[in-house]
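User: Could you take a close look at one strand for me and show how it sits within the rest of the chain? I would like a connected walk-through rather than a list.

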Amino acid sequence: MSALLDSLATAFEGGDARRDVLDGVLRDGLPGARSEAWKYTSLRQLERRTFAPAPLEGPVVDATFVEGIPAPRLVFVNGRLHAGLSDLTGLPAGVQLQSFSQAVAAGEDSARLLGRRYERAEEVFARLNTALADEGVVLRVDEGVQAVTPIQLVFASAATGTDLAWHHRHWVELRASAQLGIVEHHLQVGDAAHLDNSVVHVHIARDARLSHARVQAGSARQTSFLRTDAVLARDAQYHRVDLELGAALARHELNVRLEGDNAHLTANGVLLGSGRRHVDTRLGIEHIARDTNAELLWRGVAGNRSRVVFHGGIHIREGADGTDANLSNKNLLLSPDAEIDTQPTLVIDAEEVKAAHGATVGQLDANALFYLRSRGLPEQQAQALLSAAFCHEPLRVLPQALREQLGAQLDRALVEAGVA
């Protein structure tokens, strides 16, 4: 048996259906190296660790922690809603924002919020989430509501005497012709070594538009598993940027189904490896309807003894004519002890499509370095400038104010990692 799974199972409090899911996970165990989905991310060390369930009351955190994060915001500390730091002032009319536990207490069907079930053994953490989730965010936008002020979601890990685990299930729903922005902050208070296991369901209805920025800057000892499942209806737009800047082990699976004609996806990201960090991102993009579009721009940097893993999967299904899909994954390898693994895959079952995918792993351009050195810049400063410009490219799709905010966080992380 797995010490990890046994310890996580102690948090179970659900009914028979969820018990069956948990029993299935305990029976199957954790995926090993023979699992293609986990080929480059070993769980052997994590399997030996144990985590206690997050207590119902989170630790005390000073209010200065959220300075600079405007309202409306919802704040969670060690997996639990922190009412004192949350502030829903200015929440637009027609936007409903509450925690998972609040929604269930108000009569929401928890089975609906938990949504789909996961059956494959490789989906171990999504299955665990289905069995154990008891908190998260429920966010809905009514039809036609054009929200200008973005929603701020803050998830903080605070150091305690015990390593904790929590399982969040988030539900984001935009109804027809709605518009919303979301900014996620995954932050640390002290050097925590907790485990965060979250699943997000995103539903974007006809003509709706969601802008979504996420900064994962957790503790250097933290473990983070995230799965995002998004569905786009006709003429829907989903624009997101992910910055993976923290955690010892961080894995994000982003799955998007473009089910409506003319649906559009932009999903960009930066994967920063430093120290002994392991960063793993997997994209699964399915073009199902006609005339859909996906633009995917990802940049990876690996230094010290870190490892960056990227899998970019695009599937253009039969009948999805008129699809335009583009994936670019470029990576900088800054240390002989670092490693980068990239797997772009493209499956086309339709006709009359435009699709391109590519991946590179290399070092900084020698000609560009020479040019900057010839203009009087020291070598280290020249390398820093080129590395920062390389990493900032995926942020260009963001509005200027948010681009500057996230860009500043990215710059700080690059400096801390010794990249800039």
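The part to look at is strand β6, residues 151–158.

Analyst: Happy to! Please keep in mind that this is a predicted model, and that every value below is computed from it. I will begin with the strand, move out through its sheet, and end with the chain as a whole.

Strand β6 covers residues 151–158, and eight of its eight residues are buried. That holds for both faces. On one side are Ile151, Leu153, Phe155 and Ser157, while Gln152, Val154, Ala156 and Ala158 are on the other. The list of covered residues thus includes Ser157 and Gln152 alongside Leu153 and Val154.

Gln152 deserves a closer look. Its relative accessible area is 4%, and the cut-off for buried is under 20%, so Gln152 counts as buried. Setting aside neighbours within four places in sequence, Gln152 is in contact with Ile69, Pro70, Pro72, Arg73, Leu74, Val183 and His185. Two of the strands that pair with β6 appear in that list: Arg73 and Leu74 fall in β2, residues 73–77, and Val183 and His185 fall in β8, residues 179–189.

Now for the pairing itself. Strand β2 is joined to β6 by five bridges, and the two run parallel. Within this pair, Val75 stands opposite Val154 of β6. Strand β8 also pairs with β6 in the parallel sense, over eight bridges. Here the bridge partner of Ala158 is Val189 in β8. Val154 and Ala158 both belong to the face of β6 that also carries Gln152.

Following the sheet onward from β8 leads to β10, residues 209–216. These two strands run parallel and are joined by eight bridges, with Leu180 standing opposite Leu210 in β10. The whole open sheet has ten strands, in the order β3-β2-β6-β8-β10-β12-β14-β16-β18-β20. Although the pairs described above are parallel, the pairing of the sheet as a whole is mixed. At its edges stand β3 (80–81) and β20 (354–362). Each of these has a single partner strand, so one side of each is left without a neighbour in the sheet.

Further along that order is β14, residues 264–273, which holds Thr266. Like Gln152 in β6, Thr266 is buried, with a relative accessibility of 7%. Not counting residues up to four places away in sequence, Thr266 touches Tyr238, His239, Arg240, Glu295 and Val397.

Outside the sheet, helix α6 offers another covered element: nine of its nine residues, 124–132, are buried. Among them are Val124, Phe125, Arg127, Asn129 and Leu132. Two residues of α6, Ala131 and Leu132, are contacts of Phe12. Phe12 is found in the loop between α1 (3–9) and α2 (16–28), and counts as buried at 16% relative accessibility. Its contacts also include Arg18, Arg19 and Leu22, which fall within α2. As a further spatial reference, the C-alpha atoms of Phe12 and Asp134 are separated by 9.6 Å, although their positions lie 122 residues apart along the chain.

For contrast, take Arg112 in helix α5, residues 110–114. Its relative accessibility is 41%, so Arg112 counts as partly exposed. Beyond its neighbours within four places in sequence, Arg112 is in contact with Arg140, Trp171 and Glu173. Arg112 and Ala220 are 108 residues apart in sequence, and their C-alpha atoms are 35 Å apart in space.

Stepping back to the whole chain, the secondary structure comes to nine helices and 20 strands. The radius of gyration is 21 Å, close to the 22 Å that the globule rule gives for 420 residues, so the chain is as compact as a globular protein of that length. Along the principal axes, its C-alpha atoms fill a box of roughly 65 × 50 × 50 Å. Of the 420 residues, 55% count as buried. Among contacts with a separation of 6 or more, 84% link residues 24 or more positions apart. The accessible surface is about 17700 Å², with 48% of that area belonging to carbon and sulfur atoms. Finally, the mean positions of the 42 positive and 53 negative charges are 4 Å apart.

Definitions and conventions. Residues are numbered from 1 along each chain as its sequence is written. This is a predicted model: local features need pLDDT of at least 70, side-chain atom pairs count only at pLDDT 80 or more; totals for chains, interfaces and linings use all residues. Side-chain values use heavy atoms; hydrogens and water are left out. Helices (H or I, at least four residues) and strands (E, at least two) are DSSP runs, numbered from the N terminus. The radius of gyration is taken over C-alpha atoms; the globule rule is 2.2 Å times the number of residues to the power 0.38. Buried means under 20% relative accessible area, exposed over 50%, partly exposed in between (1.4 Å probe, protein chains only). Contact means heavy atoms within 4.5 Å. Accessible areas come from the Shrake-Rupley method with a 1.4 Å probe; for residues, only the protein chains shown count as cover. Lys and Arg count as positive and Asp and Glu as negative; His and the chain ends are not counted. The place of a charge is taken as NZ of Lys, CZ of Arg, CG of Asp or CD of Glu. Two strands pair if DSSP finds at least two bridges between them.
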